[in-house]
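Visitor: Please take me closely through one part of this protein, beginning with a single residue and then widening the view to its surroundings. I am in my first year, so I would be grateful for an answer that shows how each step follows.

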Amino acid sequence: MQERTTTSRAAMAPLCVAVVLLLALAAPPCSAVQMQQQQAAIEEACRKASIAHAGVSYDHCVSTLSSDGRSRDGDMLSLAVAAARMAAEHASATEARMEALGEVEESPHARARLHHCLELYNAAADVLRDALDNLRARVYGKASQQLAAALGAAESCEDVWKGEERVPVATHDREYGRMAILALGLTTGAVAN
């Protein structure tokens, strides 16, 4: 009886290996060809966005969308949604940074400036979330208006700090502005398609 079990196991081993290999090959998570196609779609979308909106940097667009794992679907609408979502997330992160800076800032004047910027970014994050809803609903005109309105947060915040040597949120402002312009450019590109 012992010999029969050993023989059965030995006969099953190649079959088990074959089944495992078939399963592994049947549904790869993302093939090299798919990744190349996704990258090409991102590059094409970024090319169109940089043509549609002069403020969109092609290189920044490609690196930003390529680095975001959620930007897997390469159509213009999906990438516009991804960029708007990233801009909203960046606005929220900038808002949190300003709140933290305001808590430790000693100068009442600087605290007031930070508070003003905090309000601007709070409003921008709300507008970006509304733009996301409109992009998903394919209401491009309204989404474009909202994205354009959200651009003002960075510019207005920078204006509050004019004349100061130290602008504690300058880097965040610039990156937020680039993200909002990217979302607007991709949306404009989606409308043109």
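**From one residue to the core**

Guide: Arg85 is found in helix 4, and that is where we begin, keeping in mind throughout that the model is a predicted one. The relative accessibility of Arg85 is 18%, and because the cut-off for a buried residue is under 20%, Arg85 counts as buried. When its neighbours within four places in sequence are set aside, the residues in contact with Arg85 are Asp68, Arg70 and Leu132.

To place helix 4 among its companions, it helps to look at the whole chain, which contains 7 helices and 0 strands, so that, read from the N terminus on, the order of elements is α-α-α-α-α-α-α. The protein has 193 residues, of which 38% count as buried. If we take the contacts between residues at least 6 apart in sequence, 66% of them join residues at least 24 apart. On the outside, the protein exposes about 11000 Å², with 57% of that area supplied by carbon and sulfur atoms.

The next step is to go inward. In soluble globular proteins, nonpolar side chains tend to be buried together. Here the largest nonpolar core holds 51 residues, and those that touch the most other members are Leu65, Met98, Tyr121, Leu128, Leu135, Tyr176 and Leu186. At least two residues of this core come from each of helix 2 (32-52), helix 3 (58-67), helix 4 (76-104), helix 5 (108-136), helix 6 (140-160) and helix 7 (170-192). Helix 4, the helix in which we started, gives the most to this core, with 14 residues.

Two of those well-connected members deserve a closer look, and one of them, Tyr121, is found in helix 5. Because its relative accessibility is 0%, Tyr121 counts as buried. Not counting residues up to four places away in sequence, Tyr121 touches Ala91, Thr94, Glu95, Met98, Ala153, Ala154, Cys157, His172, Asp173 and Tyr176. One of these partners, Thr94, lies 27 residues from Tyr121 along the chain, yet the C-alpha atoms of the two are separated by 7.3 Å.

The other is Leu65, which is among the buried residues of helix 3, together with His60, Cys61, Val62 and Thr64. As a group, the buried residues of helix 3 pack against helix 2, helix 4 and helix 7. Leu65 itself, leaving aside neighbours within four places in sequence, is in contact with Ile42, Cys46, Ser71, Leu79, Met86 and Leu186.

Let us now follow helix 3 to one of its packing partners. Two packed helices are described by the angle between their axes and the distance between the axes. The axes of helix 3 and helix 7 come within 11 Å of each other and cross at roughly 90 degrees, and these two helices are therefore roughly perpendicular. On the helix 3 side the contact is made by His60, Cys61, Thr64 and Leu65, while helix 7 brings Glu175, Arg178, Met179, Leu182 and Leu186. Sorted by class, this contact has 5 nonpolar, 2 polar and 2 charged residues.

Helix 7 also packs with helix 2, at an angle of about 100 degrees and with the axes 8 Å apart, so helix 2 and helix 7 are roughly perpendicular to each other as well. Here Ala45, Ala49 and Ala52 in helix 2 meet Gly185, Leu186, Thr188 and Gly189 in helix 7. The residues of this contact divide into 4 nonpolar, 3 polar and no charged.

Finally, two loop residues round off the picture. Glu105 has its place in the loop between helix 4 and helix 5, and because its relative accessibility is 18%, Glu105 counts as buried. Not counting residues up to four places away in sequence, Glu105 touches Ala110, Arg111, Leu114 and Arg166. Arg138, by contrast, sits in the loop between helix 5 and helix 6 and counts as exposed, because its relative accessibility is 55%. Most residues other than glycine have a negative phi. The phi of Arg138, however, is near 65 degrees, a positive value in a residue that is not glycine.

Notes. Residues numbered from 1 in each chain as written. Predicted model: local features only at pLDDT ≥ 70, side-chain atom pairs only at ≥ 80, totals over all residues. Heavy atoms only, no water. Core = buried A, V, L, I, M, F, W, Y, C linked by side-chain atoms within 4.5 Å. Buried < 20%, exposed > 50% of the residue type's maximum accessible area, 1.4 Å probe, protein only. Helix = DSSP H or I, 4+ residues; strand = E, 2+ residues; numbered from the N terminus. Contact = heavy atoms within 4.5 Å. Areas by Shrake-Rupley, 256 points an atom, 1.4 Å probe, with all protein chains shown as cover. Axes fitted to C-alpha atoms, helices over the stretch in contact; angles between N-to-C directions. Parallel < 35°, antiparallel > 145°, perpendicular 65-115°, else oblique. Nonpolar A, V, L, I, M, F, W, Y, C, P; charged D, E, K, R; others polar.
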